Amino acid sequence: MLKHLLYFFTLCTITVALGQTTNQSVVAQKGDGIFSLLRAHDIPYRYIDSFIQLNKEKITSGNQLIIGKSYVLPIIKSDSVTASINRKIDSTSIKPEIKTELLFGEDYKNFTVKNDTLKNAVYYLIAGHGGPDPGAVTTYNSKLITEDEYAYDVTLRLARKLMAKGATVYIIIKDKNDGIRDQRILEVDYDEVCYPKKEIPRSQKLRLQQRTKAVNKLYLKHKGAYQRLIVTHVDSRSVGKNIDVFFYHHKNSKNGKRLADHVHTTFKEKYAKHQPNRIYSGTVTSRSGLYLVKNTLPPMVYIELGNIRNSKDQKRILNYDNREALANWIHLGLLADYSGRK
Ligand SMILES: [Zn+2]
């Protein structure tokens, strides 16, 4: 208790120090993005709009900053400072707790909940395809590889990161004997089931209906909570041979678009930082024709992580470090969306 009080008082002192009345400005360095800049200056993400407003003539159409230009930081209002302090206390005052999820497999089943930043968030994760439907299929070094196994691996890694921050996570498509696999070739099987434990039908229509129903039922149960659905595929089936990460949302869902934008922005920032020479052309678009986009209730983002049949994308997706990075970037985008929620 004393420790918590001390922490609280320390933060109060910071508040007083933060009570600035004039705007500070900073010069954008290589690798800086809007989010990283706000993060570096302890400005909550919900100030993103005021940041853009203050600097609109120096932000590119793709929401990028220009290296060497000076950017004005928004002033944090005192009530928001208090709110962010309360959130900080919320998320730091819990005792680390070790939890177990058998779906993550032997090596990953235990994880530590270090903070409860996401304790009020509910996520539904759907790895594309599964059961009798492996999704896109190809061979690598004459071994069969399939889309569903790779989408599932990224999904589990994402689930683990969200759960480590206290989120409630429903892994809708699941396989009790796969787990997170640090391997290049993920063995193909056909025994995935749909939440809670339903056999996945062969017909595409029934398959999509089944997972939609599962999510919508849970959504009603959690009504009122912050709830988001993330669907992952590795086939870029609708964008020809494009080799980037694409994000789709429902055209009438403001929250869905915001969610997709947050994850997309994180990807752009990460690419700029880690692969500055790679031209990133991933986009956010509305694709309300996709069954899941159209029929599921929670705000959602549908992510194409690449095309497993494309040799460049294969390189990215077969390396498990890259799958971990993809999961991490999605998770950071989700965190940004959550902390900027209205
Ligand atoms: Zn697919």
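## A walk through the predicted model

E6 and E7 form a hairpin with two residues between them, and Asn141 in the turn has a positive phi of about 50°. Before we go on, keep in mind that this is a predicted model. The two arms of the hairpin, E6 and strand E7 (residues 143-146), pair in the antiparallel sense over four bridges. If you would like a landmark on the ladder, look for Thr138, which stands opposite Ile145 in E7. As a reminder, strands of a sheet pair through backbone hydrogen bonds, either parallel or antiparallel.

From the hairpin, let us move to the metal site. Which residues hold the zinc ion? The zinc ion is coordinated by His129 through NE2, by Glu147 through two OE contacts, by His233 through ND1 and by Asp235 through OD, at 2.1 to 2.8 Å. Along the chain, the donors of the zinc ion follow the spacing H-x17-E-x85-H-x1-D. His129 sits in the loop between strand E5 (121-127) and strand E6 (137-140), while Glu147 belongs to helix H5 (residues 147-163), so this pair ties together parts that are 18 residues apart in sequence. Are these two donors buried or exposed? His129 has a relative accessible area of 9% and is buried. Glu147 is buried too, with a relative accessible area of 0%.

Next come the aromatic side chains. The structure holds 10 aromatic pairs. In one of them, the rings of Tyr124 and Tyr170 have their centres 5.5 Å apart and their planes at 10°; planes under 30 degrees apart count as stacked, so this pair is stacked. The pair links distant parts of the chain, with Tyr124 in strand E5 and Tyr170 in strand E8 (residues 168-171), 46 residues apart. Tyr124 is buried, with a relative accessible area of 0%, and Tyr170 also counts as buried, at 11% relative accessibility.

Another pair has a crossed arrangement of planes: the rings of Tyr271 and Trp329 have their centres 5.3 Å apart and their planes at 80°, so the pair is edge-to-face. Tyr271 comes from helix H7 (residues 254-274) and Trp329 from helix H10, so the pair ties together parts that are 58 residues apart in sequence. Both Tyr271 and Trp329 are buried. They also belong to one aromatic cluster, together with Phe247 and Phe267.

Trp329 leads us to its helix. Helix H10 covers residues 320-339, and its 20 residues reach 28 Å from the first C-alpha to the last, close to the 28 Å expected at 1.5 Å a residue. At the start of H10, a side-chain oxygen of Asn319 reaches to within 2.8 Å of the backbone nitrogen of Asp321. The buried residues of H10 include Arg323, His331 and Asp337, as well as Leu326, Ile330 and Leu334.

Helix H6 invites a similar look. What span should its 18 residues have? At 1.5 Å a residue they should cover 26 Å, and the end C-alpha atoms are 26 Å apart, which agrees. Among the buried residues of H6 are Arg207, Leu208, Arg211, Val215, Leu218 and Tyr219. Lys217, which also lies in helix H6 (residues 204-221), is exposed, with a relative accessible area of 67%. Lys217 and Thr296 are 79 residues apart in sequence and 9.9 Å apart in space, C-alpha to C-alpha.

Two basic side chains are placed over tyrosine rings. Lys58 lies over the face of Tyr71, at 5.5 Å from the ring centre. Arg228 lies over the face of Tyr226, at 4.0 Å from the ring centre.

Our next stop is an open sheet, built from three strands in the order E9-E10-E11 with antiparallel pairing. Strand E9 (173-174) and strand E11 (198-199) stand at the edges with a single partner strand each, so one side of each is left without a neighbour in the sheet. E9 and strand E10 (residues 193-194) pair over two bridges, and the bridge partner of Ile173 is Cys194 in E10.

Finally, find Tyr248 in strand E13 (residues 246-249). Tyr248 is buried, with a relative accessible area of 2%. The C-alpha atoms of Tyr248 and Leu259 are separated by 9.9 Å, with the two residues 11 apart along the chain.

Terms used
Residues numbered from 1 in each chain as written. Predicted model: local features only at pLDDT ≥ 70, side-chain atom pairs only at ≥ 80, totals over all residues. Heavy atoms only, no water. Expected span 1.5 Å × (residues − 1). Buried < 20%, exposed > 50% of the residue type's maximum accessible area, 1.4 Å probe, protein only. Polar contact = N/O pair within 3.5 Å; in protein donor to acceptor, adjacent residues only side chain to side chain. Donors = N, O, S within 2.8 Å, 3.2 Å for Na, K, Ca; no water. Phe/Tyr/Trp six-rings, centres within 6.5 Å; stacked < 30°, edge-to-face > 60°. Lys NZ or Arg CZ within 6 Å of the ring centre and 35° of its normal. Pairing = 2+ DSSP bridges.
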